[in-house]
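Biologist: Before we talk through this protein, could you put the sequence and the model up, so that I can follow along?

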Amino acid sequence: MAVSSAPGKVYLFGEHAVVYGEPAVPCAIERRATVSVEERSDDRLRVDARDLTLDGFTVEYGGDSAGGDGENSPEVSVRQSLLEAATGYVDGAIGQARDATDTPDAGFDVAIESDIPLGAGLGSSAAVVVATIDAAVRELGTEIGPRDLAERAYEVEYDVQDGQASRADTFCSATGGAVRVEGSRCNPIAAPNLPFVIGYDGTSGDTGELVGGVRELRETYGFAASTTEAIGDLVREGERALEAEDLNALGELMDFDHGLLSALGVSARSLDAMVWAARDAGALGAKLTGAGGGGCIVALDESDETVRALGHTPQCIEAFRAELDAEGLRAEE
Ligand code: MEV
């Protein structure tokens with residue numbers, strides 16, 4: 001058996017604008033998906049994703065993508081689109097592992113545990129895909145480098161998300177740390193220890209719909225195209241602040257970024273409530289992270305005040321600190 005884990009991420013800056021070629025800075029966080037893979041003697045695939053849960057999310061299925069006889073139909077308490085995505089990600093990751101090792105008939109038992117909320121803007125699917133490809137490839141006695149792995153994981157996300165994926169989540173999950181993404185170019189960048197606090201509203205946004213909404217807005221209104229460009233400018237400022245390790249400037253730019261994302265229509269009442277709770281508690285800055293519509297916010301606060309304030313915010317079902325993860329993909333076994 002081979003076991004790999006990979007981290008989730010937050011966007012410090014640049015989600016949505018990255019889709020239009022602007023730079024973005026995702027940062028890996030210390031919340032992981034852990035995937036165990038064991039080769040089977042037949043060509044079938046069984047996936048146990050029972051632990052893809054967090055307060056109200058459960059994805060539970062015994063998949064049989066090779067047989068597809070429908071006997072193992074899933075039991076779920078999440079949107080069907082999320083379940084299909086979850087199974088699609090694992091199937092895609094196994095396809096990539098088969099391709100990388102030239103073993104199209106390899107069968108596997110796959111078990112997934114994750115402490116990253118599903119579909120909430122923390123890169124849960126990328127972490128699962130990166131860890132699954134790595135564990136399956138190692139189970140077959142081969143290894144692939146982080147860039148190849150990140151590219152294969154991106155292809156899986158691209159397919160499952162109907163072409164609405166950037167390389168940010170998968171690269172960041174594979175390499176860890178802070179990353180600069182611009183188009184197809186992804187590079188690790190230096191970052192100080194950032195005191196991230198995450199607030200989670202217990203819901204998820206539909207990335208495809210939200211990305212489509214921004215595209216429509218850009219086609220209808222000139223301001224929306226200028227807004228994505230403004231986010232790009234802000235990211236370039238943010239890179240300078242990162243280099244200078246100026247947390248106050250980073251916080252201020254996060255606030256601006258949230259405002260611009262709100263103008264693009266991707267915030268939500270719950271996200272705004274958490275952002276304001278964080279700011280009122282003295283956070284240096286706060287913004288939504290990921291596609292928006294629901295899910296998570298990220299704030300910067302060295303003290304415990306933001307976690308405490310989010311704990312008393314009705315719209316927040318969980319608040320936690322998340323260290324920057326410097327490691328990325330990890331072979332556990
Ligand atoms: C979703 O986590 C972030 C978006 O920028 C889409 C993407 O980059 O794939 C909205």
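**Contacts, core and helices**

Modeller: Setting aside neighbours within four places in sequence, F196 is in contact (heavy atoms within 4.5 Å) with V10, L12, C27, I29, V298, A299, L300, F320, R321, A322 and L324. This is a predicted model, in which local features need pLDDT of at least 70 and side-chain atom pairs count only at pLDDT 80 or more, while totals for chains, interfaces and linings use all residues. Residues are numbered from 1 along each chain as its sequence is written, and side-chain values use heavy atoms, with hydrogens and water left out.

Biologist: Where does the largest nonpolar core lie with respect to domain 1 and domain 2?

Modeller: A nonpolar core is a set of buried Ala, Val, Leu, Ile, Met, Phe, Trp, Tyr and Cys residues joined through side-chain atoms within 4.5 Å, where buried means under 20% relative accessible area with a 1.4 Å probe, protein chains only. The largest one has 93 residues, and those touching the most other members are L12, C27, V110, L194, F196, I198 and L250. Because domain 1 (2-190) and domain 2 (196-321), with bounds from an automatic or database domain assignment, both give residues to this core, it lies between them.

Biologist: Which residues of helix α7 are buried?

Modeller: Helices here are DSSP runs (H or I, at least four residues), and strands likewise (E, at least two), numbered from the N terminus. Helix α7 covers residues 247-263, and the cover over its buried residues includes β1 (2-13), α6 (222-243), α8 (269-280), β10 (285-288) and β11 (296-300). The buried residues of α7 are L247, L250, G251, L253, M254, D257, H258 and L261.

Biologist: Why are these residues on the same side of α7?

Modeller: The arc is taken from the directions that run from the helix axis to the C-beta atoms. The buried residues are on the same side of α7 because they cover an arc of only 165 degrees.

Biologist: Is Q161 buried or exposed?

Modeller: Q161 sits in the loop between α3 (146-160) and α4 (168-175), and, leaving aside neighbours within four places in sequence, Q161 is in contact with Y89 and S125. Since its relative accessibility is 17%, Q161 counts as buried.

Biologist: Which residue follows α3 with a positive phi?

Modeller: In α3 itself, L149, A150, R152, A153, Y154, V156 and E157 are buried. The residue that follows α3, with a positive phi near 50 degrees, is D162.

Key. Buried < 20%, exposed > 50% of the residue type's maximum accessible area, 1.4 Å probe, protein only.
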